[in-house]
Amino acid sequence: MKKVFALGLGLAMLWVGQASAGFMVSSGDGFKLNAAPSVVKDDAVASATGSGTTLDPYVMKQWGFFERAYVLTAPLSVDTGSAGSVGQVVESYMIFLNKPLANRPSGVIAKEAEWKFDNVILGVMSDQDGVLEFGSPFLQAAGSDYGTQYDNRGLEGNARKTTIKLYNDANDDAYFITPTLDTLKLKMQVQQPGDWIRVITTSNLSASQVPEPTTMALFGLGAIGMGCARRLRRRS
């Protein structure tokens with residue numbers, strides 16, 4: 001039974017790993033998380049690890065994490081209009097700057113970071129009230145609690161900048177995708193609530209490498225069920 005359980009769990013984890021092949025690195029006031037936090041909403045304090053260290057939840061930085069890979073059934077709505085095509089595999093990432101409810105710093109917190117992705121950036125969902133982000137729940141990390149949509153969850157104003165000069169001159173929320181299309185320069189200023197944006201990139205995965213979460217769960221349960229049946233037969 002233990003061997004079958006371990007096999008099922010191991011294969012399920014392998015499958016999950018294949019579906020999360022993308023990665024990103026950060027510089028400046030950014031911190032890459034090794035996994036999605038259990039809670040992805042305002043005021044939350046979630047333990048998180050990345051780059052071999054544990055991040056103090058009260059250290060104010062832009063946090064970023066991989067959400068999931070997904071096979072598009074329709075183009076995505078992003079800041080610039082639409083991105084991707086039917087059948088294309090994309091990867092989603094969440095970047096946020098959030099003040100925890102306990103020991104919350106006063107005033108405006110401003111942090112700037114540069115995020116480099118393994119693939120081409122297709123678009124960003126950063127609208128002020130988070131309509132685009134919450135309009136694509138299928139891109140959320142499995143098992144994480146994102147809460148509900150609320151005003152000012154995204155970036156304020158016209159945050160997307162088309163030139164590096166406009167980005168450098170900005171004194172508030174702003175982002176710029178570099179000409180290489182794999183790097184996002186991001187400025188975030190928060191008082192309350194925090195800011196949350198989703199970045200969409202292409203993927204090196206094929207559609208067959210991106211199973212649905214329900215498929216993975218059934219696969220693991222099936223392996224466990226086989227083990228239970230085998231054990232019962234031995235007892236009889």
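**Figure 1. The hairpin of β11 and β12.** Two strands count as paired when DSSP finds at least two bridges between them. Here, in a predicted model, β11 and β12 are joined by four bridges and pair in the antiparallel sense. One place to pick up the register is Phe-176, whose bridge partner in β12 is Lys-185. The two strands form a hairpin with five residues between them. Within that turn, look for Leu-181, which has a positive phi of about 65°.

**Figure 2. Thr-178, in the loop between β11 and β12.** This view stays with the hairpin and moves to a single residue of its loop. β11 covers residues 174-177 and β12 covers 183-190, with Thr-178 placed in the loop between them. Is Thr-178 buried or exposed? Its relative accessible area is 13%, so Thr-178 is buried, the cut-off being under 20%. Once its neighbours within four places in sequence are set aside, Thr-178 is in contact with Thr-183 and Lys-185. Lys-185 is also the bridge partner of Phe-176. Ile-164 sits 14 residues away from Thr-178 along the chain, and their C-alpha atoms are separated by 7.9 Å.

**Figure 3. An open sheet of five strands.** Follow the strands across and you will read the order β2-β5-β8-β13-β10, with mixed pairing. The edges are β2 (30-32) and β10 (121-125), each of which pairs on one side only. Ignoring direction, neighbouring strands of this sheet are turned by 25° against each other on average. As a reminder, strands of a sheet pair through backbone hydrogen bonds, either parallel or antiparallel. β5 and β8 are antiparallel and share eight bridges. In that pairing, Ala-69 stands opposite Glu-91 in β8.

**Figure 4. β13 and its partners β8 and β10.** Which strand is joined to β13 by eight bridges? That is β8, and the two run antiparallel. Ile-95 makes a handy landmark here, with Ile-197 as its bridge partner in β13. β10 also runs antiparallel to β13, with four bridges joining them. There, Gly-123 has Ile-200 as its bridge partner in β13.

How many of the eight residues of β13 are buried? Eight of the eight are, and the strand is mostly covered. In a regular strand the side chains alternate between the two faces of the sheet. Both faces of β13 are covered: Asp-195, Ile-197, Val-199 and Thr-201 are buried on one side, while Trp-196, Arg-198, Ile-200 and Thr-202 are buried on the other.

**Figure 5. Aromatic pairs that tie strands together.** The structure holds six aromatic pairs, and two of them are described here. Phe-66 and Tyr-93 meet edge-to-face, at 5.5 Å centre to centre and with 70° between the planes. Phe-66 belongs to strand β5 (residues 62-71) and Tyr-93 to strand β8 (residues 89-97), so this pair ties together parts that are 27 residues apart in sequence. Both Phe-66 and Tyr-93 are buried.

Phe-96 and Trp-196 are stacked instead, with 4.3 Å centre to centre and 15° between the planes. Because Phe-96 lies in strand β8 and Trp-196 in strand β13 (residues 195-202), the pair ties together parts that are 100 residues apart in sequence. These two residues, Phe-96 and Trp-196, are buried as well. They also take part in a cluster, in which ring pairs link Trp-63, Phe-65, Phe-96 and Trp-196.

**Figure 6. Lys-187 over the face of Tyr-167.** Lys-187 lies 4.8 Å from the ring centre of Tyr-167. The number of Lys-187 places it within β12 (183-190), the strand that pairs with β11.

**Figure 7. Ser-38, in the loop between β2 and β3.** Ser-38 is found in the loop that leads from the edge strand β2 to β3 (48-50). What does Ser-38 touch, not counting residues up to four places away in sequence? Its contacts are Gly-143, Ser-144 and Asp-145. Ala-141 is 103 residues from Ser-38 in sequence, and 9.1 Å separates the two, C-alpha to C-alpha.

**Figure 8. Confidence along the chain.** The mean pLDDT of the protein is 76, and 68% of its residues reach 70 or more. Residues 1-21 have a pLDDT below 50, and this stretch makes 29 contacts in the model beyond near neighbours in sequence. Residues 49-53 are also below 50, with 13 such contacts. Where pLDDT is low, the predicted coordinates should not be read in detail.

Note on methods:
Residues numbered from 1 in each chain as written. Predicted model: local features only at pLDDT ≥ 70, side-chain atom pairs only at ≥ 80, totals over all residues. Heavy atoms only, no water. pLDDT = per-residue confidence, 0-100. Contact = heavy atoms within 4.5 Å. Phe/Tyr/Trp six-rings, centres within 6.5 Å; stacked < 30°, edge-to-face > 60°. Buried < 20%, exposed > 50% of the residue type's maximum accessible area, 1.4 Å probe, protein only. Lys NZ or Arg CZ within 6 Å of the ring centre and 35° of its normal. Axes fitted to C-alpha atoms, helices over the stretch in contact; angles between N-to-C directions.
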